[in-house]
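Here are my notes on this one, in the order I'd go through them at the screen. Have the viewer open while you read.

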Amino acid sequence: LLSDILSRRSQQQNPSNIFTKSPYHQNLISTFLPDFYYNLISASSANVVLVIVFSNIEKQMSSFRNTFPSALGIVVEVNMFDQSYNELKWVQHPSCRDAIGMKNWCAML
């Protein structure tokens, strides 16, 4: 799911898109899949809502480290029958850098 979201985001032609021409770019997504954690928020008979947080490789590789968040998160609603999903909300964390911090942040969301 995360690789599909990142791949779709990297294909968008928005100049402010942090995924364009980054390690998340569509041709490199399998090589640069970031560390991630997820948490189930809710479930019904047809849908589940998840939060997925992941490290921002763009910040780790950029010389302009202050311009990118350290970690990103997305709240996603997934239809269990047809495997479609909706991106409900994107969030960012300016200083979450390690696995313990990302797990804690994921649990808080």
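1. **A cut-off, then a ring.** A residue is called buried when its relative accessible area is under 20%, and exposed when that value is over 50%. Phenylalanine 54 has a relative accessibility of 0%, so it counts as buried. Keep in mind throughout that this is a predicted model.

2. **Overall layout.** The protein chain holds three helices and four strands. Read from the N terminus, the order of elements is α-β-β-α-β-β-α. Of its 109 residues, 39% count as buried. The accessible surface adds up to about 6700 Å², and carbon and sulfur atoms own 52% of that. As for contacts between residues at least 6 apart in sequence, 50% of them join residues at least 24 apart.

3. **The largest core.** Which residues make up the largest nonpolar core? There are twelve: Leu2, Ile5, Leu6, Val48, Leu50, Ile52, Phe54, Leu72, Ile74, Val76, Val78 and Tyr85. At least two of them come from each of helix H1 (2–11), strand S2 and strand S3 (71–79). A separate core of ten residues lies apart from this one, with Val53, Val91, Met102 and Cys106 among its members. As background, nonpolar side chains tend to be buried together in soluble globular proteins.

4. **Two isoleucines in that core.** Isoleucine 52 belongs to strand S2 and, with a relative accessibility of 5%, falls under the 20% limit and therefore counts as buried. Leaving out residues up to four places away in sequence, isoleucine 52 touches Leu1, Leu2, Phe36, Tyr37, Tyr38, Leu72, Gly73, Ile74 and Val76. One of those, isoleucine 74, is 22 residues away in sequence, yet the C-alpha to C-alpha distance is 5.4 Å. Isoleucine 5, with the same kind of sequence neighbours left out, touches Ile74, Val76, Tyr85, Glu87 and Trp90. Ile74 and Val76 turn up in the contacts of isoleucine 52 and of isoleucine 5.

5. **The aromatic pair.** How many aromatic pairs does the count give? It comes to one. Phenylalanine 54 and tryptophan 90 are the partners, arranged edge-to-face with 6.3 Å from centre to centre and 85° between the planes. The pair links distant parts of the chain, since phenylalanine 54 sits in strand S2 and tryptophan 90 in strand S4 (residues 85–93), 36 residues apart. Is each ring buried or exposed? Phenylalanine 54 is buried at 0%, whereas tryptophan 90 is partly exposed, because its relative accessible area is 28%.

6. **The end of S2.** Serine 55 is in strand S2 (residues 47–55) and is buried, as its relative accessibility is 9%. Have a look at two C-alpha distances from here. Proline 69 is 14 residues away in sequence and 8.9 Å away in space. Alanine 99 is 44 residues away in sequence and 8.8 Å away in space. Alanine 99 itself is in helix H3 (residues 99–108) and counts as partly exposed, with 37% relative accessibility.

7. **Strand S1 and a surface patch.** Tyrosine 38 is placed in strand S1 (residues 36–43), and its relative accessibility of 58% is over the 50% limit, so it counts as exposed. With Leu33 and Phe36, Tyr38 forms a nonpolar patch on the surface, and together they have about 320 Å² of accessible area. Alanine 43 is also in strand S1 and is exposed, with a relative accessible area of 58%. Its C-alpha is separated by 9.9 Å from that of methionine 80, which lies 37 residues away along the chain.

8. **One backbone angle to check.** Most residues other than glycine have a negative phi. Glutamine 83 has a positive one, near 65°. Where does glutamine 83 sit? Its place is the loop between S3 and S4, and it counts as exposed because its relative accessibility is 53%.

Methods: Residues numbered from 1 in each chain as written. Predicted model: local features only at pLDDT ≥ 70, side-chain atom pairs only at ≥ 80, totals over all residues. Heavy atoms only, no water. Helix = DSSP H or I, 4+ residues; strand = E, 2+ residues; numbered from the N terminus. Buried < 20%, exposed > 50% of the residue type's maximum accessible area, 1.4 Å probe, protein only. Patch = residues over 30% accessible without salt bridge, like charges linked within 9 Å, V, L, I, M, F, W, Y side chains within 5 Å. Areas by Shrake-Rupley, 256 points an atom, 1.4 Å probe, with all protein chains shown as cover. Salt bridge = Lys/Arg side-chain N within 4 Å of Asp/Glu carboxyl O. Core = buried A, V, L, I, M, F, W, Y, C linked by side-chain atoms within 4.5 Å. Contact = heavy atoms within 4.5 Å. Phe/Tyr/Trp six-rings, centres within 6.5 Å; stacked < 30°, edge-to-face > 60°.
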